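Trainee: Hi, could you walk me through this model? I'd like to start with the odd spots and then move on to the sheets and cores.

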Amino acid sequence: MPDFVGAIDQGTTSTRFFVFDHQGSVVAHHQLEHGQLLPQPGWVEHDPREILERVGTVARAALAKAGLKTSDLAALGITNQRETTVVWDRLTGQPYMNAIVWQDVRTAGAVAAIERAGGGPTVREKTGLPPATYFSATKIQWVIQNVDAAREAVAAGRACCGTIDSWLVWNLTGGPKGGRHITDVTNASRTMLMDLRTLSWDDELLAMFAVPRRALPEIRPSTGTFGDVCLEGAGKGGVALAAVLGDQHAAMIGQVCLRPGEAKSTYGTGNFLLVNTGTDIVRSRNGLLSTLCYQFEGRPAVYALEGSVAVTGAAVQWLRDQLGVIRSTQEIEALAAGVEDAGGVYFVPAFSGLFAPYWRSDARGAIVGLTRASTKAHLARATLEAIGFQTRDVVLAMEEDLGHKLGALKVDGGITANALCMQVQADILGVPVSRPRVAETTALGAAYAAGCAVGFWSGEDELRRNWHEGQQWRPEWDEDHRRAAYAGWKKAVERSLGWAEP
């Protein structure tokens, strides 16, 4: 068997390819950003053709760095941004419009209509999700209703609808020449169209959102036979695509959170905290999502509770790209370290509303507490604190649902390279924060799942032996400081509500 496993990590702002060895160490990787298209306020789109091109480019570049070919990989896994939606033509392979990104809020009116019509309880009971612009169903519905060519193709049975994973799998396994229209349970669970209990598309939900079953991909376990892929072009030798998972679910495997009660928080464009609930579907009373964790082929599905935060790393990008406060995202740590605290400034980055535990699509970004003494350093510090406060919102809701406190929090993702941000996170939570030696756990989880599927790794015990702590941050604030700071955050959140109408 070859000595390496590959992983495609297709994220909200960039696409990456990783090669891992048997110890779970990174042998080579390559990364490219793609465009963030903002045609109207609240609308966020990606060009799916650009994303597909980036996948091929980063894969070839990473393999070249390692001196490898596709056939030198034992298996390939895919992990992806989840709810982002593509509708394309199965005959030509061309998308009917840009992908609608999970952050997009254009369907707020449709979500409100579902609630007014009394459909909210059905959606919550069957899917574990609240009706929200975040998820895929209303995005597919919007494309069908507003793009003439897509509507005609759907009626003719020529259209494919799906999340980014299904777009990639279809193209990588042949596209118009026999591509496989497949998704996995983790991605399907984010559409508002799959029943959590049956792991299949639900007729009542399909009718509610006017989405035809034949346009949707086949739902599979997260590991198995998805097809053979050649990353270097036809005739070069391929590799088995053996795992597909949404990014946060892959990170659970990468952090080896494979037992009930184990939790992790991944910091990317947004922030996502999941806790494994085993084979039990735990219904949240506090604004969290009941969702799939993963399903290995031939085994029961494993579930999770999730708290989703829309904007964390994206807030740092906003300081860079929209305000010009920093020239690179790495600069924020030194800038924020130039002041002892945020000087009473709070930043609520509700650019697309607030996700868990609030679920308020009417919220918008707010910066409060400004005085003449406030500087860009205070705003930078408030941005890092906003990441910590939003995570505390989710942790408190999760503890209430579970009935016990969470211990040390495992963290991963790009923002964890910012030591000040992680120290602030520990201070705001009041628990240790632990980052693994290999912080790229989303890609690692996809590789682990694919590798386990083909016998490259033997299973959970071997994966646990691969996990090593890289750094830990312990809280330094006392409880009075923590309580007062969080009370200020809750006041700031109140100021952000009620700004937008559907």
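**Loops, strands and cores**

Trainee: Where does Ala210 lie?

Mentor: Ala210 is in the loop between helix H8 (203–209) and strand E12 (218–220). Helices (H or I, at least four residues) and strands (E, at least two) are DSSP runs, numbered from the N terminus.

Trainee: Before we go on, what kind of model is this?

Mentor: It is a predicted model, where local features need pLDDT of at least 70 and side-chain atom pairs count only at pLDDT 80 or more, while totals for chains, interfaces and linings use all residues. Residues are numbered from 1 along each chain as its sequence is written, and side-chain values use heavy atoms, with hydrogens and water left out.

Trainee: Got it. What is phi like at Ala210?

Mentor: Phi is positive, about 55°, although Ala210 is not a glycine. Leu199, another residue that is not glycine, also has a positive phi, near 60°. Leu199 is in the loop between strand E10 (194–195) and strand E11 (200–201).

Trainee: Is Leu199 buried or exposed?

Mentor: Buried, with a relative accessible area of 19%. The cut-offs are under 20% for buried and over 50% for exposed, with partly exposed in between (1.4 Å probe, protein chains only).

Trainee: Which residues does the cis peptide bond join?

Mentor: Ala356 and Pro357, with omega about -5°. Pro357 sits in the loop between strand E19 (346–348) and strand E20 (366–368).

Trainee: Switching to strands: how many residues of E16 are buried?

Mentor: Eight of the eight, residues 271–278, so E16 is largely enclosed by the rest of the structure. In a regular strand the side chains alternate between the two faces of the sheet. Here Asn271, Leu273, Val275 and Thr277 are buried on one side, and Phe272, Leu274, Asn276 and Gly278 are buried on the other.

Trainee: Which strands pair with E16?

Mentor: Strand E15 (residues 263–267) pairs with E16 antiparallel over five bridges, and strand E18 (residues 302–309) does so over seven. A pair needs at least two bridges found by DSSP. E15 and E16 make a hairpin with three residues between them. Ser265 is opposite Leu273, while Leu274 faces Glu306 in E18.

Trainee: And the open sheet, what is its strand order?

Mentor: E3-E2-E1-E5-E14-E13, six strands with mixed pairing. E3 (26–33) and E13 (223–229) are at the edges with a single partner strand each, so one side of each has no neighbour in the sheet. The twist averages 25° from one strand to the next; axes are lines fitted to C-alpha atoms, for helices over the stretch in contact, and angles run from 0 to 180 degrees between N-to-C directions.

Trainee: Which helix packs on that sheet?

Mentor: H1 (residues 48–66), which touches E1 (4–10), E2 (14–20), E3 and E5 (73–80) and makes about 150° with the direction of E3. Contact means heavy atoms within 4.5 Å.

Trainee: Last topic, which residues touch the most other members in the largest nonpolar core?

Mentor: Tyr134 and Leu193, in a core of 139 residues. Helix H12 (residues 376–402) gives the largest share, twelve residues. Such a core is a set of buried Ala, Val, Leu, Ile, Met, Phe, Trp, Tyr and Cys residues joined through side-chain atoms within 4.5 Å. A second, separate core has 30 residues, including Val55 and Leu168.
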